[in-house]
Amino acid sequence: MKIYENTGNKDTRSGFGDGLTELGKTNENVVALCADLTGSLKMNAFAANHPERFFQVGIAEANMMGIAAGMTIGGKIPFTGTFANFSTGRVYDQIRQSIAYTDKNVKICASHSGLTLGEDGATHQILEDIGLMKMLPGMTVINTCDYNQTKAATLAIAAHHGPVYLRFGRPKVANFTPENGVFEIGKAVTLQEGTDVTIIATGHLVWEALEAAKVLNEKGISAEIINIHTIKPLDEAAIIASAKKTGCVVTAEEHNFLGGLGESVARTLAMHHPTAQEFVATQDTFGESGTPAQLLEKYGLNAENIALKAEKVMARK
């Protein structure tokens, strides 16, 4: 079993900020817009280095999306920045009509996703954003797992033509993927080979899946771990191949089980290789205020529950 090492906890939003800073130096067409959350989105360095390409829109997220769509007409590559809740739910009509419908080259970059913005409270959390965005035709949906992968994804989406939703988080989490690794949109990463059960995870729960694999290994259970950083387009070939090998699947995400990664995987399996599946996700509920650790434990978004679901699904083979 391959052991991944945490090289030090870092927040994924800083991966976005550092990636954007690098893009500012290498791509003059990249512009950035923020809705009064420059510090929270780690966009400070880009704003300081390229004030002529940074636009502080204020608490006017819908207006920000319209401005970003307009900028693409002149060849610019706009990166918008605010919390995930305000990047999707608050501005869904603007994204649908002005960006997705007309295939505008806007990169919608969303921090503080899921439950782990914690103490900011339930009204700032969002657990349905992946579903909202993946339903839009032509929208690429990316949910990164650590600092290194978020930085790499930020660089990659600048070179990808078309609307993108890039989802990342607030807290410091394990940083374990390779530094300066290549990010390939739509290509799953198999972190660990296994024979008994497939665990498909996205975002912060990829590390929890790796931790769960250690627990399962101690019980003689061989888990295959797949990091799905791109939820749309989904790497269906990787999912089907793994399901055929292990015969059962667990999906893990910091999102509602309705509309998230788990549903996309279930649809893929139903169409191509019906397979027993268990879901680690929130169960059709809103979140609440609390520390990230408290919330992840309460809603079962942790290594312990992933391991339990793995044993449960194996019994259904």
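The legends below describe an overview and several close-up views of a predicted model.

**Figure 1. Overview of the predicted protein model.**
The protein has 12 helices and 14 strands. Its radius of gyration is 19 Å, close to the 20 Å that the globule rule gives for 317 residues, so the protein is as compact as a globular protein of that length. The C-alpha trace spans about 60 × 35 × 35 Å along its principal axes. Of the 317 residues, 59% count as buried. The accessible surface is about 12,300 Å², and carbon and sulfur atoms hold 51% of that area. Among contacts with a separation of 6 or more, 80% are between residues 24 or more positions apart.

**Figure 2. The open sheet of seven strands.**
The strand order is β3-β2-β4-β5-β7-β6-β12, and the pairing is mixed. At the edges are β3 (54-56) and β12 (230-232), each of which pairs on one side only. From one strand to the next, the twist averages 20°.

**Figure 3. Strand β7 and its partners β5 and β6.**
Strand β7 (residues 164-167) runs parallel to strand β5 (residues 107-111), and four bridges join the two. Within this pair, Ile108 stands opposite Tyr165 of β7. Strand β6 (residues 140-143) also pairs with β7 in the parallel sense, again over four bridges. Here Thr140 is the residue opposite Val164 of β7. The side chains of β7 divide into two sets: Val164 and Leu166 point one way, whereas Tyr165 and Arg167 point the other way. All four of these β7 residues are buried.

**Figure 4. The crossing of helices α1 and α7.**
The axes of α1 (residues 12-26) and α7 (residues 147-158) come within 7 Å and cross at roughly 40°. The crossing is right-handed. On the α1 side, the residues in contact include Thr12, Gly15, Phe16, Gly19, Leu20 and Leu23. Also on the α1 side are Ser14, Asp18 and Glu22. They meet Tyr147, Thr150, Lys151, Thr154, Leu155 and Ala158 in α7.

**Figure 5. The open sheet of five strands and the helices lying across it.**
The five strands follow the order β9-β11-β10-β13-β14, with mixed pairing. Its edge strands are β9 (189-192) and β14, and each pairs on one side only. Neighbouring strands are turned against each other by 25° on average, direction ignored. Strands β13 and β14 run parallel and are joined by six bridges. In this pair, Ala252 has Val280 of β14 as its bridge partner. Helix α8 (residues 205-218) lies across β9, β10 (197-201), β11 (223-227), β13 and β14, and runs at about 170° to β11. Helix α12 lies across β10, β13 and β14, and runs at about 160° to β14.

**Figure 6. Surroundings of Ile306 in helix α12.**
Ile306 belongs to α12 (residues 303-314). Its relative accessibility is 0%, under the 20% cut-off, so Ile306 counts as buried. Not counting residues up to four places away in sequence, Ile306 touches Ile199, Leu205, Glu208, Ala209, Ala212, Ala252 and Val280. Two of these contacts, Ala252 and Val280, are themselves bridge partners, with Val280 in β14. Between Ile306 and Val141, the C-alpha to C-alpha distance is 23 Å, with 165 residues separating them in sequence.

**Figure 7. Surroundings of Asn256 in strand β13.**
Asn256 is part of β13 (residues 248-256). With a relative accessibility of 9%, Asn256 counts as buried. Leaving out residues up to four places away in sequence, Asn256 touches Leu127, Ala281, Thr282, Gln283 and Asp284.

**Figure 8. Surroundings of Ala276 in strand β14.**
Ala276 lies in β14 (residues 276-282). The relative accessibility of Ala276 is 13%, and this residue counts as buried. Ala276 touches Gly247, Cys248, Val249, Val313 and Arg316, not counting residues up to four places away in sequence. Ala276 and Lys317 are 41 residues apart along the chain, and their C-alpha atoms are separated by 6.4 Å.

Key. Residues numbered from 1 in each chain as written. Predicted model: local features only at pLDDT ≥ 70, side-chain atom pairs only at ≥ 80, totals over all residues. Heavy atoms only, no water. Pairing = 2+ DSSP bridges. Axes fitted to C-alpha atoms, helices over the stretch in contact; angles between N-to-C directions. Rg over C-alpha atoms; globule rule 2.2 N^0.38 Å. Buried < 20%, exposed > 50% of the residue type's maximum accessible area, 1.4 Å probe, protein only. Contact = heavy atoms within 4.5 Å. Areas by Shrake-Rupley, 256 points an atom, 1.4 Å probe, with all protein chains shown as cover. Left-handed = near helix turned anticlockwise from the far one by under 90°.
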